[in-house]
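The exercises that follow ask you to read a structure step by step, and each one is followed by a worked solution. Please try each task yourself before you go on to its solution.

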Amino acid sequence: MGQFSQYVMNGIMNGSVYALIALGIVSIFKSTKVVNFAQGHVIMFGAYFYFTFAVMLPEATFMPDWVLKWEPEWLAGYKEGALMFSQKAAIAGWVNNVPRIILGLVGAVICNGLLGLLIERVFMRPLLGQSSFAMILCTIGLIWVLEGSASLIWTADVDQVPPLGPNFPIRFSLFGEQVFFFSASVVNFVLALLLFGSLMLVLRFTRSGVAIRATAEDQSTAYAMGINVPAVFSSAWVIASTTGAFAGAILASRNGLSPTLGLFGLSVLAIVLMGGLDSFLGVLIAAMMVGIFESLAQWQWGGEIAEIVPYVLVLIVILWRPNGLLGQAEIERI
Amino acid sequence: MAIKRRTLLQAGAAFAAAIAAPSIVRAETKVWRVGASLPMTGPFATAGQLVAPAFAEFETVVNDNGGIGGIPIKIEVEDSGYIPKNALANFQRSLAGGDLHYYFGDSTGFMELVGPTLKGDQAVMMGSTSFASVLANPKERPYQYMAGPTYEDQFEILLRDVAAKGGKTVAFIYSDTEFGRDPIAHGRKIAGELGLKVVLEEVTKPAGADIESHVTKLAQANPDYALLQGYVTGVWPQLIGAARAFGLTTQFMGTFWAMEKVVADKVTDQAGPFLDGYQGVMPYRYFYDQENAPYYRELAAQKKAANPDFPGYVVTWELEGRLNLELWKKSMEMTLEANKQITADNLMASFRSIKDWDSGGFFGSPVTIKDHKIGQGRVYRYSADTKLFTPSSDWLTT
Amino acid sequence: MIIGEYKTDYAQDEGIWNTWAKKLGFLLALAVLLLIPFVANDYQLLMAGQIAIFVIAVVGLNVVVGYTGLMSLGHGAFFAIGAYTAVAIHQFFPHIFPLITLVISMVVAGFFGFLFGLPSLRVKGLYLAVATLSANFIVLFFIRQDWLEHFTGGRGGTETPNAYLFGTELVTNQQKYFLIVPITIVLFLFAQNLFRSRFGRALIAIRDNDHSAEILGISLFNYKLKSFVISAAYCGAAGTLWAYFFPAILPEDFGLNMSITLLICLVAGGMGRSLGPIFGTILILMVPEILKMVAFYFSEGNASAQIYFSPIRDIVFGLMIIGFLIFEPMGLVSIWDRFWRFISRWPFAK
């Protein structure tokens, strides 16, 4: 049982990252009815922006030293006598990085938000009124554009970024067996849930949230009621790209930064459809389910089976509920 | 302007001449043509883009020194995106462009795809980035070779080293790709022979692996050594980092593609000294180990002359590409010396006859080709303090 | 649509080549196709063969996506099934007549098309696309398994057999061309004919509105499944020819990339149009090659320059696809239509 809960916890940690990626896809779909195949590559840009502001910029000569390595006086006392790889050393190492992590996240969110706006205005706006199929293919075309641009701007070098939180194992016992988390994963998990939760609150309680929901419900009626629908579209892309910046920072710190990062988005697409394209909650559940089942499969049967598990799960769920777990059925009229 | 039939005809003739001209010119100026497919885009763009400049430099240096047998070389590099089908199209296009004297492939998949077509006037001597065991097969792949030991050999070197260092249990961790699986069956056999117990075989995704679950399983099996296979830039640093943070005492070992100092250094800079003590097999000397490597010293001087900011390190991936080219050059020179025609068959015959060749420092001992490969390698150990891989074994041959 | 054709009865109107332009175009195309293998070099034949094979698959995809209106991201699986079936058959009958292999592969792929099509009765739109995509991954998963390695070669892929036609082994691209292109022509004409029939019109009715179609007495179950079976059989045929054409196959060849490429070919050419697949495939397969040649012309193959040219090539290709969607959303076929409209009305109004 302790073992079982260990792998379930691992799965939840992974699931939260899936959920964060899926968040962008859902928010774009909800307001514009476009499924963004290039979300993974938008996230990749977020990761590269994080790298630019957290690694490249602090190393520049004109930046003050404390940005690259922050050594407040109390830190020296704290880390005295800390062993390599101990909890203390991990926290001390993280404190050194705090300024540039914050700089990196702020920079990444701003730049990626602008990127989202740019994509919406230049590529998606001219396609308004076309079939959603054409728009989806347009996002597929974007994959090449984004991949090529990233390679031109940052070269294809593999890079590393500082993790968002200190990384040490948190051990405790559950059902009489030792289990553990990595603290960095917990930080990622909390961050993902916070973003997810705050976005749902925004949609429910603010004026712009109501505008987005109204547009999702019925575009032309929303237009007639005086809602600025193009602005809603822009804001959907901005939401997707800014949450994508966080997802990118997390993914890059977990997996390293390279042009392959973008491919992650395609595997998350299946999760989004499993949850239901227009349901944040459904997608959250689906992401957790896939994470958990993947990790349990890895435990019991190893990597080959684990790789296919999400797809089997998606197929079963879609056959059972043709609009995903919590997706709304489309009302069809003849 | 009214277009007369005459002007139209003249224009057409000029156009046709312009199209046909390149082939005429090509036939007149004799060069040794070398083609290469490199992954400049796609998942392995990192490696492709780092290696590419070496091909241009090699061309310049050889031509500045009078070419091969007095004839200059011309290297034409194309992007494959790491898709075998695209690389095949590149290869066919190169072939259509005139005599081709050497080709450098970018993946095991391409080498297998192109292998059966290499016959008759389509035969070309061919090296590649791959150390896949199936490619070291003179009988079935008479024109393909590799500039080092196969993955199976590399795994065997590691296992022998583990046994020599007193390890009792090992884990195999590999990506779910052909590259990852290549040496595993052979590894099991050798581990059995050496009396090592394989306590865990863990298959991971090739990128974006579920690190937590892998570390959990590894912690349960708790092997003395864990051998990694099938990774290039990702997964291995994260896996080792997580295992260290967790407090595992398992020693990690890798093969050629996961032994790059540049990647290890970046991990050390950004995440901490997690890779300290990481070991692995490397067929070549690292570039900073120049004492017994005249070739490396020369190369460093060349690079310094061309670019004053040259940082003084050349990635191992580039060394592999260069060694491939050097082996071809050596085969060319041997064939020319023997006054034989430059054909793929003659080149490969010369290549096979390379014996006790002084590689200029790539390898510790003189190079002798056996089964289209070079069965040498050494185990290195990474230190996060010095940021260097230093040898922890003698040169081993298989 | 070409006007100014004088017809006196329905038979003329229903004919496949019902205008002089079509007749002439078809004969010209045949002549060009016949000429290609004698003037083209190996590289050009490689591309020609690939295009011919892809045209079959895209024509097949057109049946499901373009005419029946069902989204599929799983057609790479049928391609794989066709290819691996051919490899397996040749293990038992090394010198089997290629057309027999082709038919068997089409039947096997058609059967899988039946399985893939079952969800289409419940699931629609993107959900169907993802369901078929999942099925695609599951098929590839089995192909990679060790216990099927004897037939499929597992992860490492397998070398593929050459076709034997009347005792001669088809080795060179030129020989293979003569096997592939006639099959492409026949299959293309069959598909074009299909949509002049009651069956084809039923599919189009389903695409336009499946509930209305059902009320009109079209059995959705029956027609959607048949559409999937036909489409899969086409891709199976393409897979078989792929196995004959290339010396080796890998499971990765037939993943999401393949499925997406097929879709892009279809959309670039024009969905639900018979000529669309041909135009789209030529465009999508040739543009990257042409861009490579252009990059090569400017960089002269210089490795350092190619580092910059390669990503730029990707960007240009992506922008081209997006540009197409923005400026020619109905595909290349609409340019073709405009051209012929212009010709047929000339010298009058445009």
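Helices (H or I, at least four residues) and strands (E, at least two) are DSSP runs, numbered from the N terminus. The model is predicted, so that local features need pLDDT of at least 70 and side-chain atom pairs count only at pLDDT 80 or more, while totals for chains, interfaces and linings use all residues. Residues are numbered from 1 along each chain as its sequence is written, and chains are lettered from A and ligands numbered from 1 in the order in which they are written.

**Exercise 1.** Compare the span of α12(A) with the expected value, and decide how far the helix is enclosed.

Solution. The expected span of a helix is 1.5 Å times one less than its number of residues. For the 22 residues of α12(A) this gives 32 Å, and the end C-alpha atoms are 31 Å apart, which agrees. A residue is buried if 20 or more other C-beta atoms, placed from the backbone, lie within 10 Å of its own, exposed if 12 or fewer, and partly exposed in between. Because 16 of the 22 residues of α12(A) are buried, the helix is largely enclosed by the rest of the structure. Just after α12(A) comes Gly302(A), which takes a positive phi of about 90°.

**Exercise 2.** Do the same for α2(C), residues 20–39 of chain C.

Solution. The 20 residues of α2(C) should span 28 Å, and the end C-alpha atoms are indeed 28 Å apart. The count of buried residues in α2(C) is zero, and the helix is hardly covered.

**Exercise 3.** Locate Tyr82(B) and Asn222(B), and state whether each is buried, partly exposed or exposed.

Solution. Most residues other than glycine have a negative phi. Tyr82(B), however, has a positive phi near 60°, and it lies in the loop between β2 (73–79) and α3 (84–96) of chain B. Tyr82(B) counts as buried because it has 22 C-beta neighbours inside 10 Å. Asn222(B), also not a glycine, has a positive phi of about 40°, and its place is in the loop between α8 (211–221) and β7 (225–229) of chain B. Since Asn222(B) has 14 C-beta neighbours inside 10 Å, it counts as partly exposed.

**Exercise 4.** How do the axes of α5(B) (residues 151–164) and α7(B) (residues 184–194) cross?

Solution. Axes are lines fitted to C-alpha atoms, for helices over the stretch in contact, and angles run from 0 to 180 degrees between N-to-C directions. The two axes come within 9 Å and cross at roughly 25°. Angles under 35 degrees count as roughly parallel, over 145 as roughly antiparallel, 65 to 115 as roughly perpendicular and the rest as oblique, and α5(B) and α7(B) are therefore roughly parallel to each other.

**Exercise 5.** How many residues does each chain give to the contact of chain B with chain C?

Solution. Two residues are in contact if their C-beta atoms, placed from the backbone, lie within 7 Å. By this rule, 28 residues of chain B are in contact with 26 residues of chain C. The elements of chain B that each supply at least two residues include α2 (45–64) and α4 (108–114). The largest share of this side of chain B, seven residues, comes from α3(B).
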